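Here's a quick briefing to read alongside the chain you have on screen. We'll begin with a single residue and then work outward to the rest of the fold.

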Amino acid sequence: MRHFHNEAMPRKPPFTVSYDKEIKRQLRAIEAKYRGLIRKAIEEQLSFEPERETRDRKPLLQPAPFEATWELRCGPQNRFRVLYGVDPERQDVRIQAVGVKKGNRLIVGGEEIEL
């Protein structure tokens, strides 16, 4: 009789998350009470399989603002948008913009962005 070890498949290492230099300024335009929530969503949602489409993650139609290829929706009523790109070879996620969705408009750093 053979015994099988119940070993989990080795997990891929997490993606590194890096931020464009404008992100600090963009986050300052968002109420302080939401900034930690946004950072937590980024870390939880984008560290593993950032290119897997989910209810809150979608590929963006190209060309997209900030040269982003993906969008993460988070926060109360999914009002916040995180635009990002992925380099699968380097296991890197680059956060390119963080904004607030108001109706059909996206406000990034206090400026309206065309989607």
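Glu71 has a relative accessible area of 10%, so this residue counts as buried, the cut-off being under 20%. Keep in mind that this is a predicted model. Glu71 sits in strand E3, and the notes below go from there to the aromatic pairs, helix H2, the cores and the overall numbers.

**Around Glu71**

- Leaving aside residues up to four places away in sequence, Glu71 touches Asp56, Arg57, Lys58, Leu60, Arg81, Val82, Leu83 and Tyr84.
- Take Tyr84 from that list: 13 residues along the chain separate it from Glu71, yet the two C-alpha atoms are 6.3 Å apart.

**Aromatic pairs**

- How many aromatic pairs does the structure hold? There are two.
- One of them joins Tyr34 and Phe80, with ring centres 5.1 Å apart and planes at 50 degrees, so the pair is classed as tilted.
- Since Tyr34 belongs to helix H2 and Phe80 to strand E4, this pair ties together parts of the chain 46 residues apart in sequence.
- Both partners are tucked away: Tyr34 counts as buried at 13% relative accessibility, and Phe80 is buried at 2%.
- Trp70 and Tyr84 make a stacked pair, at 6.4 Å from centre to centre and with 20 degrees between the planes.
- Here the link runs from strand E3, which holds Trp70, to strand E4, which holds Tyr84, and the two residues are 14 apart.
- Trp70 and Tyr84 are both buried as well.

**Helix H2, inside and out**

- With 15 residues at 1.5 Å a residue, H2 should span 21 Å, and its end C-alpha atoms are 22 Å apart, so the two values agree.
- Which residues of H2 are buried? They are Tyr34, Ile38, Ala41, Ile42 and Leu46.
- These buried residues cover an arc of only 100 degrees around the axis, which means they sit on the same side of H2.
- As background, an α-helix has 3.6 residues a turn, so residues three or four places apart point the same way.
- Ala32, Lys33, Lys40 and Glu44 are exposed on the other side of H2.
- The cover over the buried residues of H2 includes strand E1 (16–19), H1, strand E2 (57–59), E3, E4 and E5.

**Nonpolar cores**

- The largest nonpolar core has 21 residues, and Ile38 and Ile95 are the ones that touch the most other members.
- Helix H1 (23–28), helix H2 (32–46), strand E3 (70–74), strand E4 (80–87) and strand E5 (92–102) each give two or more residues to this core.
- H2 supplies the largest share of this core, with five residues.
- Ile38 touches Leu27, Ile30, Cys74, Phe80, Val82 and Val98, again not counting residues up to four places away in sequence.
- Apart from this core lies another one, of eight residues, including Ala68, Leu83, Ala97 and Val108.

**The whole protein**

- The protein has two helices and seven strands, and from the N terminus the elements run β-α-α-β-β-β-β-β-β.
- Of its 115 residues, 39% are buried.
- Looking at contacts with a separation of 6 or more, 47% are between residues 24 or more positions apart.
- About 8100 Å² of the protein is exposed, and carbon and sulfur atoms supply 49% of that.

Definitions and conventions
Residues numbered from 1 in each chain as written. Predicted model: local features only at pLDDT ≥ 70, side-chain atom pairs only at ≥ 80, totals over all residues. Heavy atoms only, no water. Core = buried A, V, L, I, M, F, W, Y, C linked by side-chain atoms within 4.5 Å. Buried < 20%, exposed > 50% of the residue type's maximum accessible area, 1.4 Å probe, protein only. Helix = DSSP H or I, 4+ residues; strand = E, 2+ residues; numbered from the N terminus. Contact = heavy atoms within 4.5 Å. Areas by Shrake-Rupley, 256 points an atom, 1.4 Å probe, with all protein chains shown as cover. Phe/Tyr/Trp six-rings, centres within 6.5 Å; stacked < 30°, edge-to-face > 60°. Expected span 1.5 Å × (residues − 1). Arc of directions from axis to C-beta.
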